[in-house]
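Reader: Before we discuss how the chains meet, please show me the sequence and the structure.

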Amino acid sequence: MLSPITRREWLLRTSCGFGALALSGLAASAASPPNPLAPRKPHHPARAKRVIFLFMQGGVSHVDSFDYKPRLAKDDGKMLSFEDARVLANSGMRASTHRVMKPLWKFAQHGKCGRWASDLFPEINKHVDDLCFIHSLHTEGVAHGPATLFLHCGSTTFIRPSMGSWVLYGLGTENQNLPGFVSIAPSAGNGGPRNYGNAFLPAVYQGTALGKAGGPVSEATIRNLTGPLSAASQQARIELLREIHAEQLKRSPGDAELEAVASSYELAWRMQNNAPDVLDLARENKETLALYGINEKRTDAFGRQCLMARRLCEAGVRFIQVTYGDSSANPAWDQHSNLPKHGDHALAVDRPIAGLLTDLKRRGLLEDTIVWWGGEFGRTPYAEKNGTGRDHNPGGFTVWLAGGGFKPGYAHGATDDFGALAVTDKVHMHDLHASILALLGLDHEKLTFRYSGRDFRLTDVHGRVVKQLFA
Amino acid sequence: MSDRHGLSILCLVSLLVPGLEPAPLQAAEPTTAQVDFFEKKIRPILVEQCYRCHSEAAARNKKLKGGLLLDAREGLKAGGDSGPALVPGNPEASLLIKTLRYENDVKMPPKGKLPDAVIADFAAWVKMGAPDPRGGTVVKKQVGLSFAEGRQFWSYRPVSNPTIPAVAARDWPVNDLDRFILAALEAKRLQPSADADRPTLARRLYYDLLGMPPTPAEVDAFVQDRDPAAYEKLVDRLLASPAFGERWGRHWLDIARFAESVTLRGFIFQESWRYRDYVIDCFNRDVPFDRFVKEQLAGDLLPAATPEERQRQIVATAFLVMGNTNLEEQDKKQLRMDVVDEMLDVISKGFLAQTVTCARCHDHKFDPIPTRDYYALAGILRNARAMEHANVSRWIEVPLPLDPVREAEVKKHEAKVAALQAKIKAARSLAGKGKPTQRVLAVKDLPGIVVDDAQAKKVGEWMNSVFSGSYIGTGYAHDKNEGKGQKTITFQPELTATGRYEVRLAYSPGGNRANAVPVTVFSAEGEKTIQVDMTTPPPLDGRFLSLGEFRFERTGQSFVLISNEGTRGHVTADAVVFLPVEREGRPQTPASKPKPSSAAKKQPEGELKALEEELKRLQKAGPHRPVAMSVLEEKTIEDARIHIRGLVGNQGEVVPRGFLQVACYGTIPHVPPNQSGRKELAEWIASRDNPLTARVIVNRTWHWLFGDGLVRTVDNFGTTGERPSNPELLDHLATRFMQDGWSMKKLIRAIVLSRTYRQSSMVASRSPLLRVDPENRLFGRTNRRRLEAECLRDTILCVSGKLNLERGGRSYPATLTADYGYRHTDLRRSVYLPVFRNALPELFEVFDFADPSMVVGRRNSSTVAPQALYLLNNSFPIEQARFAAERLLGEKLLDDQTRLTRAYRLCLGRTPTAGEQAVAERFLKRNRDPKEAWAALFQMLFASADFRHVN
């Protein structure tokens, strides 16, 4: 009997994908290749099983939303000295003069915890008792491209795997019929595919894009899930392929690689039959649709994306990103001028996000799902170039987290009196990454991959777990 | 040394400031009061805030940061990677104090600045001489191998010329490399596999050398050729085919991280296709590899005999600058070093299989590469300017020289353009002196998108005025020549489409106006500030000044901001107009559409317009001077400083430019002080004395032909890489390669002619080969291999008959400005599909195409469901299968059985088995429409496992 390649040899030579799981009759064999997407035991007991990251692309102004700074109203219009990140990067000058600009939205206290928040996000404000705010976040990169890559991959420049890919690599996924890392409506700009790319990790850990930023929600589906052929014609072709493969296998029996290819079609077929149901929002009742603001002009698009995120989360997808943004060089929240435009964006996301929180909570999913809201940086408390908008601020800004073991009704750290720089209990983006991984049961220092002769991690040689954030 | 230095400062302090508590000469003998101060004010803070990352315990847990120990007196004194932590007696000069005060680039503790009182305590403590009662020793830092140890390591030893081993089965080898393979097999009591049959061998050879399958007729010709040299003839014919360069050039493009756009903003590298064509051409012409190395690193600095040669050499240097760079990094010093780092990564991995960039922040932890070597190399590349820096930096394109005839033509044309431009300038100043044709213009009478000052957003008090009598809309605004630095006015249009726009500013000129008004345009290209002199009349119609052409995105930020900061005199603003620009770079409409009668009145303006039209015609007509991506030598040539921990703001000592010391043998090229050193770097790499270069490319070649290298970690010949499975063979090949004049074709020819290459991939399942050498490290059989994405696509197009064999040139519209959402519809060979980093062809993405941002010596080989979904549902395989069916049915073939044989031979390079025939017959019978049935059959053959493998 001739055998072109042994199973063991094949195992050693290839990185196999989804397909490997379904190797019929091979699963029991000791030599069968391990499925790289099978759920894996975390490093330590996990509090959360999955992540929904609501990416507010372009950078929401923290001083107009969740970081209350009375000084800004008091000193509105005054020319004061600040350490501006862009000026510092461009010229090395630590101090430059800028006009303080007061928040354009009114602040009040909300919830039992008495959290100060502006009326920019009135619906989210109703959930403050479930949210864990970090007011002292700081990050790398003054421009969108570097900062967006840093947010997703932990590096402004180098080609590194995205956080979702790391999580999938660390934990596998619970539903083999769906991709384990999904990015809904990702932006093509500011790093584009690199922000959900696997870089040097095996290809199975790559994020799957559903639709694109600014594209119609109807396009938010897995590519090639359906094709131009009729169902009958496709069924006939699949049957034919099965027979062709059976004959090819007869030529080299027990050929593991051949079987893997055959089984990748079985999985594709199962995905094709299951995934559309998961992605089909028509299965939801009217009350739920209304909860997310679906079928209302302003909130429909983001509402559908949030609802899809919940459905994917329910179906066992490990890491889901929902982007509110676009593919331009100055995405969505990037109000260098005309700050009131923040109001339009807030209107589009406020109800859908509040709806998602309500829905996750009532379904018991918030227990073990981390919801992460935030942008690549915040905005300056002063007017950019003395105009009508705010520039980027990587030195101090706010994000919030909910569920999955994050401490509800809590606010961590602080920026200075103006909201310019994080000063108290600072949390670096690396620390946030490390902390999210920690709740997922992953030790950011142990989650490594050997490439080009050394072990790489999401947090490079940095990052610390901020335990105060945990309930 | 540092001790003495510290001591002298101590003495100085105690001498000069007698009022202070005297600093102890012996740090080991602090006074009781000092110990008390330390124990109460200093030690608790160190323990609480610093020990986690700066202590022996941290070092043991591998958590030590910055190489700095703060739990031992010696640790503070010795300091970390940034140097001594303190200068006893001088808090202002002490790194520790600067860091605590957050005055340094490194700010500690990271969680937040300590209270001022605590920092004051530390300063006081340093001032008193940093008395420290603690003992403890400093842990030795982890370092890589020493040079002496390194030179014992296989890859850093000079290449040897091993004697050809004796073998038992003397009739098996056809050439020397077979003897090395056979000897290694025999040492394990193994025998090589049988030869592959001719059809299998033909298919393998065609894919390996051309990347395309043979036609059935070509297979038949080879099978029937009785000439004993039949195989040799076939090899030589394929090596001479231009398709050879397309296949092998693509291998090199994987190493060169070749791309035609950059991820950020999707900017198109308009000229990088020239580099791709250069590489293909080099392989086809068999340019010696050492020459190929030199041209890519320093082609612009090499002498050239002809303009054509000089062109090629400049184009070659695009190799240096195709990195996926973060053009909008705001810290340009950082960006400069990041670009250097990227170049160094590609050069060291690509040519030397070394992970040199590990040594950017610290000495290499495993290999004999100290940080000094990194900055010796970085110093060379730092002298090559790769970017023009701006808010969004830009890569460099240089004009290419031409042959004398064309050069003369272009020069003549350029002179004409220059003359015309001068004329226009003169006409403009003349026209500018005239008054606007129409004094008051309504917004609606102007073309383009007009934002009047009335709609602009104002900060500070702006006065509306109609005083000059010439304006757009309701007057113009001015800053009253007051509140300098406090006022801005922002013009924000509602753009309806993404595209290029010419931006024109209307202002009200006059003698009392400001002469340097900062006007900033925010566009998709970043921000650009233009200084506008408002004392002179605007050149266009006496009303507008063109701020330039910019790309704006409909949803992105697009606005013009005028500030009165730093101005003297009145700042005025009347309106800003955004004029959509046609593809060829000319506004769709003139600046204004005045009535014909009034336009003719002012003669100078009529003339100006005519001149401008002529200029545009001329510029469009050409001839154009071609440009290429390249680098420029910096004006100031200098050595680099070590960047401690890789930080741009933390500079250490200067390192003379040089090379990897561990790999320096023979005569080392001397780097002249007034040149970058790139030429010498190229010479050192392309030298026969370099232990790495020849080994690395020979091993890559073996990998590309066998699916595995003799060293399987093809990009890593360091100590963390794998060892060669047959080191003698590797050295034999490398030596022979250099003796043969670094000829790639000779190397490939020798390998494919070997008996080793011609073995079958089928092995009896009980063969000892599988038991003793399961991973086939000894090459006692041929690896069955996966076809790369390009081969899959090219084969589908060969089968459908739709492949377009056109060679070279730009393969996308020259007017393309961003790669987002690019649709690949071209039917040329895959190597010519544009490699857009945000928009790779879908087939490439799912079938493991090399990531065009990294050096990829070895591609992934995955089997995943998205591949299956692609082949089942994507319109490309479905359509091509239809074309294949049409083509098949159009041929004069006897019956379905003959057709099926042809389909199998086209797709899989073999005839169908009886079982396969039965399956197909049943399927054809079930389907009424033969075209549809054959289309289905072709598509499923494309989808089948055998289609994507070569035996």
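Author: Two residues are in contact if their C-beta atoms, placed from the backbone, lie within 7 Å. This is a predicted model, in which local features need pLDDT of at least 70 and side-chain atom pairs count only at pLDDT 80 or more, while totals for chains, interfaces and linings use all residues. Residues are numbered from 1 along each chain as its sequence is written, and chains are lettered from A and ligands numbered from 1 in the order in which they are written.

Reader: How many residues does the contact take from chain A and from chain B?

Author: By that cut-off, both chains contribute to the contact. Chain B supplies 84 residues, and chain A supplies 85 residues.

Reader: Which element gives the most to the side of chain A that touches chain B?

Author: Helices (H or I, at least four residues) and strands (E, at least two) are DSSP runs, numbered from the N terminus. Several elements of chain A each supply at least two residues to this side, among them α1 (7-13), α8 (256-279) and β18 (422-424). The element that gives the most, with 11 residues, is α7(A).

Reader: In chain B, which strands are the edge strands of the open sheet β8-β10-β17?

Author: Two strands pair if DSSP finds at least two bridges between them, and the 3 strands of this sheet in chain B have antiparallel pairing. Strand β10 (residues 476-478) of chain B is joined to β17(B) by 2 bridges, with A477(B) opposite A573(B). The strands that pair on one side only are β8 (463-465) and β17 (572-573) of chain B.
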